[in-house]
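Thanks for asking me to look this one over with you. My notes follow as numbered points, so you can keep the model open and check each one as you read.

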Amino acid sequence: MGQFQTDVVIIGAGAAGLMCALTAGARGRRVTVLDHANRAGKKILMSGGGRCNFTNLDVKAGHYLSANPHFVKSALARYTPWDFIALVDSHGIAWHEKEAGQLFCDESSKQIQQMLLRECSQAGVRIELNCSVTEVAAGGPGFILESSHGRYLCSSLVVASGGLSIPSMGATGWGYQLARQFGHTVLPTRAGLVPLTLSGRHLEDYADLAGLALEHAGVSVGTRRFDGGLLFTHRGISGPPILQISSYWQPGAELHLDLVPDRDMVEWLAAQRQARPAAELKTVLSDCLPKRLAQRLCELGPGNLPIRQYSDKTLQELGRALGRWPMIASGTEGYRTAEVTLGGVDTHELSSSSMESKRVPGLYFIGEVVDVTGHLGGYNFQWAWASGHAAGEVA
Ligand code: FDA
């Protein structure tokens, strides 16, 4: 096995690593990307249901969770969604806006992966797959890496090894270990953008509704709320607003569902009692909720009598409860299905303009390994592109 001298070594041929590589390579730097997986950009391939939600037209710091909410601003301002769209357009990749600014490929996620690989190849980037890094040491100026492919000497080392989500796709905690080795703080990690689970009586209450979808609901934890389609699963609840709220939910936190967000249910139930007093409550509720759910809510709440038999007070309470239906989640489905990992390398110890370590010159952290997590909707890839670009411009 040989010894290789290069300018920049990037660990991780994922979204952030490839963007960093093509940017640094285009500056004339000699760049080598090492990845233990057998394929580059595996998460890109599986993203967005196979169509890669590669960015969002409305990217703001408020779409990201981090212990330091201002950290993302500089990199996001210097590499915008339009910069990435220009790259996509230059490769003739057709795309469309699905909803709320979310951009997807018309055809396949593979086009984004191939585009990045082509750009890397044009920039002279070397990508070593099936390569495990066993040891990293500071080597005077620069770094010495021992790997299954030999020894690498480099002046800049970029950690782009991602988070812990989907271990079957090659996710490891390697980047966190390396950060600790070099004296960095790693903030506690947990699964984000992930379905929530119910247990015990709370699971029994809803488990037989598995597969039932609600087209539009609101989900809130504290003052944070997301709206969208909800899905009951065998283990709990899922759907875009649940994935979104999972990043804000902590064990023990109260979760509330607004089951009929488009109607004032207090007024509506009063009007229904006037209009059809003999109708059973579940029949009335089935006008605005799936039948099986309407029936279950009656069972869990005020029963199923003709609506005229309920007092004003009971109907008002029910109307209000439908807007704030409590759900006791017991946990999340964990890293096995999570789209992202919350927490990670503390941004207070990184430069927000270059992603360089404030502790170790020449060491950079980019992408998901950093304590920056986006909302659902293309924000995580935009962070990978922007942070990768920021480091690629200086590494
Ligand atoms: P990423 O995980 O992409 O890459 C890390 C790389 O490091 C991997 O190639 C891995 O093999 C390698 N690695 C790990 N440990 C290593 C080690 N010890 N040695 C060598 N290499 C190592 N986001 C979005 O914006 N839009 C979307 O549509 C989706 N869809 C989506 C679907 C699914 C199923 C998931 C799981 C995630 C998404 N995401 C998403 C999130 C998005 O995929 C994620 O935020 C980015 O891929 C993060 O990019 P990184 O480059 O930081 O990590």
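1. Start with Ala217: its bridge partner in strand E14 is Gly228. That pair belongs to a ladder in which strand E13 (residues 213–221) and strand E14 (residues 224–232) run antiparallel, joined by seven bridges. Please bear in mind throughout that this is a predicted model.

2. What lies between E13 and E14? The two strands form a hairpin with two residues between them. One detail to look at in the turn is Gly222, which has a positive phi of about 60 degrees.

3. E13 also pairs with strand E16 (residues 255–258), again in the antiparallel sense, over three bridges. If you want a residue to anchor your view here, take Ser220, which stands opposite His256 in E16.

4. Now turn to E14 and its pairing with strand E15 (residues 236–238). These two run antiparallel and are joined by two bridges. Leu231 is the residue to find, as it stands opposite Ser238 in E15.

5. Those pairings are parts of an open sheet of seven strands, in the order E17-E16-E13-E14-E15-E12-E18, with antiparallel pairing. Which strands form the edges? They are strand E17 (325–327) and strand E18 (331–332), each of which pairs on one side only.

6. Ser246 deserves a moment of your time. Ser246 sits in helix H8 (residues 240–246), and its side chain reaches the backbone oxygen of Leu243 at 2.5 Å. Is Ser246 buried or exposed? With a relative accessible area of 1%, Ser246 falls under the 20% cut-off and therefore counts as buried. Leaving aside neighbours within four places in sequence, Ser246 is in contact with Arg190, Gly192, Leu193, Val194 and Leu196.

7. A second serine, Ser109, lies in a loop, the one between strand E6 (102–105) and helix H5 (110–122). Ser109 is buried too, because its relative accessibility is 1%. The side chain of Ser109 reaches the backbone nitrogen of Cys52 at 2.9 Å. Cys52 is also one of the residues that Ser109 touches once residues up to four places away in sequence are set aside; the others are Ile44, Leu45, Ser47, Gly50 and Arg51.

8. Leu45 gives you the view from the other side of that contact. Leu45 has its place in helix H2, and, not counting residues up to four places away in sequence, touches Arg39, Gly50, Ser109, Lys110 and Gln113. How many residues apart along the chain are Leu45 and Gln114? They are 69 residues apart, and their C-alpha atoms are separated by 9.7 Å.

9. On to the ligand, which has 29 residues around it. The closest of these are Ala16, Asp35, Thr172, Glu368 and Phe381. By kind, the shell divides into twelve nonpolar, 13 polar and four charged residues.

10. Which helices supply at least two residues each to that shell? Helix H1 (15–26), helix H2 (42–46) and helix H13 (379–392) do. H13 gives the largest share, with three residues. For orientation, H2 is also the helix that holds Leu45.

11. Backbone atoms are worth checking at the ligand as well. A polar backbone atom of Glu368 is 2.8 Å from an oxygen atom of the ligand. For Ala15, a polar backbone atom is 3.1 Å from a ligand oxygen, and a backbone N or O atom of Gly48 also lies 3.1 Å from an oxygen atom of the ligand. The protein covers 93% of the 1000 Å² of accessible area that the ligand has on its own.

12. Finally, a few overall values. The protein has 13 helices and 21 strands, and its C-alpha trace spans about 85 × 40 × 35 Å along the principal axes. Of its 395 residues, 55% are buried. Among contacts between residues at least 6 apart in sequence, 72% join residues at least 24 apart. The protein exposes about 16500 Å², with carbon and sulfur atoms supplying 50% of that area.

Conventions:
Residues are numbered from 1 along each chain as its sequence is written. This is a predicted model: local features need pLDDT of at least 70, side-chain atom pairs count only at pLDDT 80 or more; totals for chains, interfaces and linings use all residues. Side-chain values use heavy atoms; hydrogens and water are left out. A residue is near a molecule or strand if one of its heavy atoms lies within 4 Å of it. A polar contact is a pair of N or O atoms within 3.5 Å; within protein, one must be able to donate a hydrogen and the other to accept it, and residues adjacent in sequence count only if both atoms are side-chain atoms. Accessible areas come from the Shrake-Rupley method with a 1.4 Å probe; for residues, only the protein chains shown count as cover. Helices (H or I, at least four residues) and strands (E, at least two) are DSSP runs, numbered from the N terminus. Ala, Val, Leu, Ile, Met, Phe, Trp, Tyr, Cys and Pro count as nonpolar, Asp, Glu, Lys and Arg as charged, and the others, Gly among them, as polar. Two strands pair if DSSP finds at least two bridges between them. Buried means under 20% relative accessible area, exposed over 50%, partly exposed in between (1.4 Å probe, protein chains only). Contact means heavy atoms within 4.5 Å.
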